Amino acid sequence: MDQLLEWRKEFPILDNTVYLISHSLGAMPRRTRDRLQEYADMWSTRGIRSWEEGWWMMATNIGDKIGTIIGAGPGEVVMHPNVSICQSIIASCLTFEGKRNKIVSESLNFPSNLYIYHSLERLGAEVVSVPSDDGISVPLSRMLEAIDETTKLVSVSHVIFRSSFIQDLKAITQRAHEVGALVVADIYQSAGTVPLNVREIGLDFATGGSVKWLCGGPGAGYLYVNRDLWPKLQPRLTGWLAHEDPFAFEVGPNKYADNIYRFLNGTPSVPAMYAAMSGYEIINEVGVDKIREKSIRQTALLVDIAENAGFKINCPKNAADRGGTVVIDVPHGQQVTTELLRRDFLIDHRPGAGIRVAPHFYSKDEELDLIVREIKTILETKAYEQHSAALAH
Ligand SMILES: Cc1ncc(COP(=O)(O)O)c(C=O)c1O
């Protein structure tokens with residue numbers, strides 16, 4: 001008996017779809033509607049007093065709920081709208097004009113991150129993207145070799161978004177620190193499905209968002225910064241809420257707060273944080289270890305079912321190397337995906353990778369059979385062809 005299926009009633013969309021897309025948009029918890037109502041009620045009845053009565057503190061109070069999922073301490077995580085902003089804040093703490101100007105990343109990193117690093121070439125940065133041979137994994141030895149005394153920042157995804165490959169953050173961080181480089185991990189595709197502890201790993205920075213495994217919806221990104229670094233870092237991407245006394249409204253250079261608020265800038269996205277909190281509470285309640293245990297079982301099962309149906313798998317076969325997503329490469333993948341969506345099978349497709357299918361703690365085993373069977377039927381009946389025609393127009 002799968003105890004975690006008890007949670008299904010908390011996620012209304014599971015009643016009428018085969019929901020296997022938590023790597024992209026986790027299902028909305030039922031209680032999120034109440035939290036959004038609370039936000040509206042507070043604004044409507046408490047008005048300006050809402051800031052003092054909770055809204056100002058949300059950037060860290062809500063961050064603390066993520067902290068317990070990723071192993072950060074209280075007051076060590078601050079909320080931002082998205083990962084791109086968090087990466088830009090980190091980059092704005094650094095300079096690149098000297099000999100130590102290298103940013104080491106992997107070619108399979110999320111494009112947004114790479115766009116930000118390449119923009120730093122204008123400030124003297126040299127960007128090295130470590131290649132992958134198979135489009136799935138990044139050899140650890142190659143990653144470690146790229147990190148040397150000229151490296152300022154190592155930026156890696158914990159779990160690769162395209163292939164679900166898990167990188168060895170501990171080994172990468174150790175190497176980076178040996179040569180005096182800083183490490184930022186994009187943990188968007190691991191937080192909430194693959195256990196991690198930012199402090200045990202020794203990460204300098206971690207960032208992610210809430211749209212996916214955390215079931216928190218859009219607009220609630222987060223940034224962890226190792227507290228030992230706080231006094232040394234002064235983000236250029238800044239604003240009045242990073243000031244030690246924002247309500248003094250002092251002009252002139254920023255006097256940075258001595259806590260995680262120094263990494264804030266302007267007014268935080270309050271409604272997004274209301275929308276996100278239920279997801280964090282549920283993930284904390286369920287526990288990432290339990291989620292991972294089920295995920296390993298279900299992703300292994302899905303790999304088996306898909307391979308037996310004759311499909312190619314474009315993610316690691318070894319469970320220890322694989323995050324929560326299975327990537328199934330089928331002919332006409334984009335069109336098959338469009339047809340699956342039309343039939344209420346919610347998944348997505350990434351070019352050069354395949355159809356990404358992600359069971360989460362609320363998924364049933366039978367749904368894994370159903371999706372593979374549906375893909376087979378769509379291919380056999382050529383039901384995808386109507387979408388090929390639509391694409392051609
Ligand atoms: C690993 C990873 N990083 C970053 C993002 C997106 O970041 P942002 O919050 O800037 O939209 C995604 C997916 O949308 C992702 O999978």
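A salt bridge is a side-chain nitrogen of Lys or Arg within 4 Å of a carboxyl oxygen of Asp or Glu. The exercises below apply this and other terms to a predicted model, in which local features need pLDDT of at least 70 and side-chain atom pairs count only at pLDDT 80 or more, while totals for chains, interfaces and linings use all residues. Residues are numbered from 1 along each chain as its sequence is written, and side-chain values use heavy atoms, with hydrogens and water left out.

**Exercise 1. Salt bridges**

Task: Find the residue whose side chain meets that of glutamate 307 in a salt bridge, and describe where the two partners lie.

Solution: The partner of glutamate 307 is lysine 317, with a distance of 2.8 Å from N to O. This pair links distant parts of the chain, since glutamate 307 belongs to helix H10 (residues 288–308) and lysine 317, 10 residues apart from it, to the loop between strand E9 (312–313) and strand E10 (326–329); helices (H or I, at least four residues) and strands (E, at least two) are DSSP runs, numbered from the N terminus. The next step is accessibility, where buried means under 20% relative accessible area, exposed over 50%, and partly exposed in between, with a 1.4 Å probe and protein chains only. Glutamate 307 has 34% relative accessibility and therefore counts as partly exposed, whereas lysine 317, at 51%, counts as exposed.

Task: State how many salt bridges the rule gives, and say whether glutamate 339, which takes part in one, is buried or exposed.

Solution: The rule gives a count of 23 salt bridges. In one of them glutamate 339 pairs with arginine 343, their closest N and O atoms being 2.7 Å apart. Glutamate 339 has a relative accessible area of 0%, so this residue is buried, while arginine 343, with 26%, is partly exposed. Elsewhere, Glu10, Arg31, Lys65, Glu281 and Glu285 are joined into one network by salt bridges that share partners.

**Exercise 2. The loop between E8 and H9**

Task: Name the residues that form a nonpolar patch on the surface with Trp240.

Solution: Trp240 forms the patch together with Phe247 and Phe249, and their accessible area together is about 330 Å². Patches are made of residues with over 30% relative accessible area and no salt bridge, like charges being joined within 9 Å and nonpolar side chains (Val, Leu, Ile, Met, Phe, Trp, Tyr) within 5 Å; the areas come from the Shrake-Rupley method with a 1.4 Å probe, and for residues only the protein chains shown count as cover. Tryptophan 240 is placed in the loop between strand E8 (221–225) and helix H9 (270–286), and its 32% relative accessibility makes it partly exposed. Phenylalanine 249 is found in the loop between E8 and H9 as well, but with a relative accessible area of 56% this residue is exposed. Although phenylalanine 249 is not a glycine, its phi is positive, at about 50 degrees.

Task: Determine what distance separates the C-alpha atoms of serine 269 and histidine 80.

Solution: Serine 269 also sits in the loop between E8 and H9, and at 27% relative accessibility it counts as partly exposed. Its C-alpha atom and that of histidine 80 are separated by 7.3 Å, with the two residues 189 residues apart along the chain.

**Exercise 3. Pockets and a cavity**

Task: Give the volume of the largest pocket and the classes of its lining residues.

Solution: On a 1 Å grid over the protein atoms alone, a cavity is a set of points where a 1.4 Å probe fits but cannot get out, a pocket is an open set with protein on both sides within 12 Å along at least five of seven lines, and lining residues have an atom within 4 Å of a point. Grid points are joined across faces, edges and corners, and a volume is the space filled by probe spheres set on the points. The largest pocket holds about 290 Å³ of space. Among its 22 lining residues, those closest to its centre are Val83, Phe110, Asp186, Tyr188 and Lys212. Ala, Val, Leu, Ile, Met, Phe, Trp, Tyr, Cys and Pro count as nonpolar, Asp, Glu, Lys and Arg as charged, and the others, Gly among them, as polar; on this basis the lining has eight nonpolar, 10 polar and four charged residues.

Task: State how many cavities of 30 Å³ or more the rule gives, and describe the lining.

Solution: The count comes to one cavity of 30 Å³ or more. Residues including Val159, Phe161, Gln189 and Thr325 line the largest cavity, and its lining has three nonpolar, five polar and no charged residues.
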